[in-house]
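I opened the notebook today to look up a few features in one structure, going from the whole chain down to single residues. The entries below record what I found.

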Amino acid sequence: MNDLTVDRPEAAKAEHAQRGSTTSEPESARDERQPDRRTLPMAALAAAALAACGDGSDGAADSDDGATLQGLQRRIRGGYYSARSDAEAARFLLQAQAYATTADIAAVRANTFANWLGMQYAKPVGPTGWDWLNARGYATIDSTTRYFDNTYPGDYMIWNQLMTAPDALRKRCALALSEFFVVGLSGLDFAWRSHGIAAWWDLLVAHAFGNFRQLLEAVTLNPAMGYYLNTKGNLKENTATGRQPDENYAREVMQLFTIGLYQLNLDGTEKRDAQGNRMETYTQADVTNLARVFTGYDVDLSQNVNTYDAVLNRNIPNTTAARLPMALNASRHSTLAASFLGANVPANTPGAAALKTALDTLFNHPNVGPFFGRQMIQRLVTSNPSPAYVGRVAAAFNNNGSGVRGDLKAVWSAILLDEEARSPAGLTQSSFGRLREPMLRLVQWGRTFGISSALGSWKIGDLSNAASQLGQSPLRSPSVFNFFRPGYVPPSTALATRKAVAPEFQIVNESTVGGYLNYLQGVVRNGLYVNAPDQPNAGSNASNGYDLTAAYTGELALVADAAALVKRLSLLLCGDQLSASTQTLIVNALNATPVTAASTDAVKRNRVAAAVLMVMASAEYLVQK
């Protein structure tokens with residue numbers, strides 16, 4: 001297969017400049033160079049994963065007969081369908097929260113899927129990222145640690161949230177939202193940027209089970225977003241100088257956050273005009289007019305207190321401005337009339353009223369349900385949902401059953417309870433499934449096997465390095481276009497021939513596959529090495545060591561029985577989707593090194609780690625069905 005190269009930031013900028021499409025059109029072929037011979041095994045693994053994601057024709061709607069399928073659909077839609085096996089429960093959990101434990105499987109099996117979701121929705125929000133930073137001392141003003149200028153506390157915060165939060169479904173949904181409403185920590189350049197990304201994360205978590213309209217407003221006024229897409233400090237026009245309002249947020253709130261580039265039917269398919277052409281959702285005039293609404297906003301300094309640092313010879317603000325919604329300065333807000341998407345804001349309309357009109361207009365646009373719904377299906381369930389699946393999710397967005405539009409709980413339920421997600425037909429359909437994102441693989445490993453931090457450091461940093469780490473790290477998207485585009489098609493592949501998309505493959509190449517495996521090999525055996533785990537700041541001391549390790553309690557109990565160990569890993573990591581041949585291959589490899597109950601702890605852990613590594617390197621794991 002050809003080298004699957006990841007787009008660089010320059011490419012993303014070019015796409016931005018050209019108002020690149022997020023639709024599922026094939027990309028042009030990329031670099032055709034031959035890979036280094038040393039990376040060929042990694043390329044083969046990528047090829048195997050790509051093949052598992054689908055290179056044949058679509059399967060039948062269901063392997064059962066029509067009556068059975070209809071009964072399944074009725075049970076799921078009625079909300080009383082429950083898992084008939086541990087494998088069904090695990091598969092559901094892997095979609096809903098990205099990991100499954102034996103306790104979670106038991107909880108799902110004791111309820112219907114819908115009841116389990118209801119219990120998760122009712123759970124209180126877990127500890128916030130903001131409070132965790134403060135509890136760890138990261139709000140301290142000190143010229144040595146300079147937490148106010150550093151981003152690494154933000155990385156520690158988000159990994160801690162994903163690895164330890166009691167409200168796992170909420171956090172999983174918030175992570176999916178973070179790849180739709182994108183703010184990248186690497187692109188923030190202001191005091192207390194780690195607190196800024198924590199406030200951003202907490203916003204997504206707080207609204208994950210709320211309403212899309214309120215979430216959209218919170219996103220618009222968030223200071224991190226204000227910095228990221230230039231709403232912060234955006235000034236009204238000045239006829240004397242020729243200055244015009246910055247259009248960045250106005251464009252992206254339409255293109256990426258609400259309605260997309262082209263008009264859609266309810267099922268997500270593109271509308272066509274009489275000549276068969278796609279129909280754009282907005283024009284440059286819409287962008288220019290909408291930009292006037294987003295003028296006059298800036299960070300809220302009403303609660304700020306400066307601390308003078310003599311060493312740095314500068315005033316250091318407190319953290320509050322990184323958290324408070326941006327405030328409107330009426331004198332800097334455009335008073336011109338604005339017309340966009342069929343809505344009108346009269347001249348001299350107060351800023352708050354103009355913002356309400358703009359956000360209401362975007363929220364009520366018919367594109368939002370299918371545009372947003374399809375991408376959330378992609379994040380949780382499958383890269384290529386059928387139009388009917390998208391239509392059902394969009395319908396739930398439009399009306400939760402009680403006349404409420406934008407109810408996100410209704411959206412998550414529609415995605416996870418849909419027959420396309422729950423039917424066993426997807427297990428054999430070549431078009432069904434998604435490539436697991438690298439960051440989700442690490443979260444799954446940690447949560448499945450009981451990762452803990454001996455000294456409470458949770459110092460998991462930025463793992464974006466593709467050659468030696470994961471090639472992806474939460475809240476570290478390189479651009480507003482996320483880590484990958486929803487319409488990405490690996491060039492010169494069977495997927496491209498079928499015009500099927502595989503978004504996550506945009507960050508797959510020989511380097512990323514090799515980097516992932518090499519990184520994972522050390523992590524699953526030894527845990528994560530931490531410098532100075534006894535202190536919050538970066539540094540190195542005598543306490544350096546593997547502070548973050550997995551317990552492997554259930555796995556060690558089965559370690560002498562390689563077949564039983566692999567079977568357990570197949571259930572927990574893959575929803576029991578490892579084929580018999582793959583299980584046999586792994587078992588035979590494990591049995592090459594005898595392990596008994598009398599073996600040392602090191603020997604036992606070596607076997608567990610080898611088993612976990614081989615499962616997590618397999619195509620049947622990498623492609624989530």
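These entries take the overall fold, then one helix pair, then four single residues.

**Overall.** I noted before anything else that this is a predicted model. I counted 27 helices and 11 strands in the protein, and of its 625 residues I found that 56% count as buried. I then looked at contacts between residues at least 6 apart in sequence, and 74% of these join residues at least 24 apart.

**Helices α8 and α20.** I asked myself at what angle helix α8 and helix α20 pack. The angle is about 50°, with the axes 9 Å apart, where α8 covers residues 152-164 and α20 covers residues 438-448. Angles that are neither under 35 degrees, nor over 145, nor from 65 to 115 count as oblique, and α8 and α20 are therefore oblique to each other. I recorded their crossing as right-handed. On the α8 side the contact is made by Trp159, Gln161, Leu162, Met163 and Thr164, and on the α20 side by Met439, Leu442, Val443, Gly446 and Arg447. Sorting these contact residues by type, I obtained six nonpolar, three polar and one charged.

**Gln583.** I located Gln583 in helix α25, which spans residues 580-591. Is Gln583 buried or exposed? I entered Gln583 as buried, because its relative accessibility is 15% and the cut-off for buried is under 20%. Its side chain reaches the backbone oxygen of Leu578 at 3.0 Å. Setting aside neighbours within four places in sequence, I listed Val566, Lys567, Ser570 and Leu578 as the residues in contact with Gln583.

**Two residues with positive phi.** I kept in mind that most residues other than glycine have a negative phi. Trp458, although not a glycine, has a positive phi of about 50°, and I placed Trp458 in the loop between β8 (452-453) and α21 (494-498). With a relative accessible area of 9%, Trp458 is buried. Asp576 is likewise not a glycine and has a positive phi of about 65°; I found Asp576 in the loop between α24 (562-574) and α25. Asp576 is partly exposed, its relative accessible area being 29%.

**Ala602.** I closed with Ala602, which has its place in helix α26, residues 601-617. With a relative accessible area of 38%, Ala602 is partly exposed. I also looked up how far the C-alpha atom of Ala602 is from that of Arg525, and the two are separated by 9.6 Å although the residues are 77 residues apart along the chain.

Key. Residues are numbered from 1 along each chain as its sequence is written. This is a predicted model: local features need pLDDT of at least 70, side-chain atom pairs count only at pLDDT 80 or more; totals for chains, interfaces and linings use all residues. Side-chain values use heavy atoms; hydrogens and water are left out. Axes are lines fitted to C-alpha atoms, for helices over the stretch in contact, and angles run from 0 to 180 degrees between N-to-C directions. Helices (H or I, at least four residues) and strands (E, at least two) are DSSP runs, numbered from the N terminus. A crossing is left-handed if the near helix is turned anticlockwise from the far one by less than a right angle, and right-handed if clockwise. Contact means heavy atoms within 4.5 Å. Ala, Val, Leu, Ile, Met, Phe, Trp, Tyr, Cys and Pro count as nonpolar, Asp, Glu, Lys and Arg as charged, and the others, Gly among them, as polar. Buried means under 20% relative accessible area, exposed over 50%, partly exposed in between (1.4 Å probe, protein chains only). A polar contact is a pair of N or O atoms within 3.5 Å; within protein, one must be able to donate a hydrogen and the other to accept it, and residues adjacent in sequence count only if both atoms are side-chain atoms.
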